[in-house]
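Please look through the sequence and the model below, and then follow the text from one place in the chain to the next.

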Amino acid sequence: MTAAPGVAIPHEPVPGGGGPGPGSGKGVRGLLRSGTTVWTAGLCLLPLGLLAAAAWLGRHVRPTADEWCFLPKVRELGVWGMVEKFYATDNGRVGNGLLVGMYAKFPVAGHQWFAVVTGALMLAVLWALTVQLLRRAGQSVPRGVPLLVASVITVVFLFATPNTYKTFYWPAASVSHTLAPVLACAAALPLLSARGRRGRITALVVVLLAGVFMGTLSEEASVVCVVVLAGVVVLGRWIFTERALAVARCWALVGIAGIGIGMFVLMTSPGGRKRRERFGLETTSMLAPESLIASLRGYVHILETVFTTWQYVGAVAAGVLLGLLARGRAGASPVLLPCRPLLWTSFGALAFLVSGYLCTVITYPVFGARVMTAQRTWNDYLLLYVLFLVGAGAFLGRALRLRERRTGVVAKAVAAAVCAAAVLGLAVPLHHLGHDMRVRAYKWDRQDQYLRAQAAKGAKTAPYTPLSVAGTLEPFGGQGRNVWPAGCVADYYRLDKVTYSNRLP
């Protein structure tokens with residue numbers, strides 16, 4: 001499915017490329033590509049600017065919910081102590097514990113820099129993935145187009161979600177449900193860039209280790225990966241050339257094996273068993289008919305929300321531009337079969353729908369009806385959705401490109417306008433969220449100074465006012481009825497107890 005942007009087509013002349021003289025054709029082609037590079041670079045500034053603004057707002061992030069418990073534990077046990085705690089006590093997700101320990105090692109600063117680091121990482125991975133897919137598909141595009149596509153994918157994935165804070169800014173959720181699918185995409189880069197037998201062996205080792213890590217990082221992202229990799233094994237004969245099919249299938253099977261090993265470690269861990277006991281999962285089957293039906297009902301509600309979020313059309317528009325601007329590269333030997341748009345689009349849609357439903361099935365026993373509002377768990381398969389939209393758009397752009405020149409020019413203008421509108425449409429809710437984050441950061445810092453001062457004076461108890469943002473949990477939520485995680489807040493400030501207060505100190 002992710003290979004959709006790079007479609008294998010015969011080499012075609014550029015429309016309006018001039019007469020039969022080779023010199024004149026190359027000159028016009030060069031001018032066209034230079035002009036395209038300029039306007040695509042200008043269009044890039046919109047998603048890149050939005051991503052930069054979002055990263056800048058990260059300085060207003062402060063710990064909340066689970067992070068109140070992570071911070072004192074990392075302070076006492078260190079990063080590897082956190083990994084051991086996750087394995088033995090919490091949930092068995094040792095990969096998750098490693099990433100949590102890495103940002104919690106730098107208390108507030110780790111939370112503030114998290115958006116900058118992960119945003120840059122996501123953009124870099126998706127950019128490299130776009131470049132490598134085009135190369136493997138034997139396609140060439142003007143400079144700036146891969147960056148444009150990658151930046152639009154990044155901002156749509158991060159900011160079209162109903163809760164951007166929990167998707168992008170809340171590290172405790174992002175490492176499991178936002179960063180995880182992006183890291184899964186990164187595992188494909190060694191295979192796409194492999195040259196020769198040594199490169200293929202390296203790619204197999206990387207996907208095995210990545211699979212083990214993914215299995216201990218996120219159950220939902222692991223499910224999505226297994227569905228996609230199984231699709232490569234089962235449906236690959238309709239996608240890859242004969243010389244590439246065996247390699248792709250072997251790579252996918254090794255990846256599935258790695259995920260299986262990681263899931264085995266998670267499921268058999270003491271922490272995994274304790275988590276299942278805590279949620280009653282040892283006596284409840286997620287495959288029970290009533291659970292499957294309720295999961296389907298919740299998934300339909302999720303799809304209604306996703307399909308009616310208009311900003312996702314920006315991913316389609318970016319794909320259309322890619323399909324309009326891509327050209328077959330002379331002398332290339334693509335690994336994809338000749339283009340079969342309807343078939344490949346059907347494969348992509350099937351992978352998204354199946355993986356999304358399976359993710360809902362495994363999360364329903366924990367969240368119940370709240371699975372419809374636990375938006376952070378949607379992100380594991382929403383990246384696949386965005387990539388599918390880009391691929392479908394690329395097929396549409398290719399079909400338009402094969403028509404007359406005027407149709408292609410109009411299509412480029414419309415696609416660029418839609419892409420810009422979608423990105424700008426994401427800026428307004430991000431601005432409102434930034435305001436909420438600034439307000440909370442000011443109040444949080446004020447209360448932080450007070451609690452530290454109280455602890456320095458030798459106080460054992462101090463009042464605490466809950467400061468929530470974007471629906472995150474805080475001690476004494478629900479007008480003081482929900483105590484968790486008040487004990488962790490007390491540990492963080494080295495107090496014996498914090499009590500509920502509705503007024504800031």
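Setting aside the neighbours within four places in sequence, Ser295 is in contact with four residues, namely Tyr357, Thr360, Val361 and Tyr364. In this predicted model, Ser295 belongs to helix 14, which covers residues 289-307. The relative accessible area of Ser295 is 0%, and because buried means under 20%, Ser295 counts as buried.

The helix that holds Ser295 can next be followed to a partner, helix 17, which is made up of residues 379-401. The axes of helix 14 and helix 17 come within 13 Å, and they cross at roughly 45 degrees. Helix 14 is therefore oblique to helix 17, since an angle that is neither under 35 degrees, nor over 145, nor from 65 to 115 is counted as oblique. As for its hand, the crossing in which helix 14 passes helix 17 is right-handed.

Which residues of the two helices make this contact? On the side of helix 14 they are Tyr299, Ile302, Val306 and Phe307, while helix 17 contributes Tyr381, Leu382 and Tyr385. Sorted by class, the contact of helix 14 with helix 17 has seven nonpolar residues, with no polar and no charged ones; tyrosine is counted here among the nonpolar residues.

From the helices the reader can turn to the backbone of a loop, for which a general expectation is useful. Most residues other than glycine have a negative phi, and most peptide bonds are trans. The loop in question lies between strand 3 (461-464) and helix 19 (486-492), and Pro485 is found in it. The peptide bond that leads from Trp484 to Pro485 is cis, with omega near 0 degrees.

Ala470 is also placed in the loop between strand 3 and helix 19, and although Ala470 is not a glycine, it has a positive phi of about 55 degrees. The relative accessibility of Ala470 is 31%, and because this value lies between the limits of 20% and 50%, Ala470 counts as partly exposed.

Gln479, which is likewise not a glycine, has a positive phi of about 60 degrees, and its place is again in the loop between strand 3 and helix 19. Is Gln479 buried or exposed? With a relative accessible area of 65%, Gln479 is exposed, because that class begins over 50%.

Note on methods:
Residues are numbered from 1 along each chain as its sequence is written. This is a predicted model: local features need pLDDT of at least 70, side-chain atom pairs count only at pLDDT 80 or more; totals for chains, interfaces and linings use all residues. Side-chain values use heavy atoms; hydrogens and water are left out. Helices (H or I, at least four residues) and strands (E, at least two) are DSSP runs, numbered from the N terminus. Buried means under 20% relative accessible area, exposed over 50%, partly exposed in between (1.4 Å probe, protein chains only). Contact means heavy atoms within 4.5 Å. Axes are lines fitted to C-alpha atoms, for helices over the stretch in contact, and angles run from 0 to 180 degrees between N-to-C directions. A crossing is left-handed if the near helix is turned anticlockwise from the far one by less than a right angle, and right-handed if clockwise.
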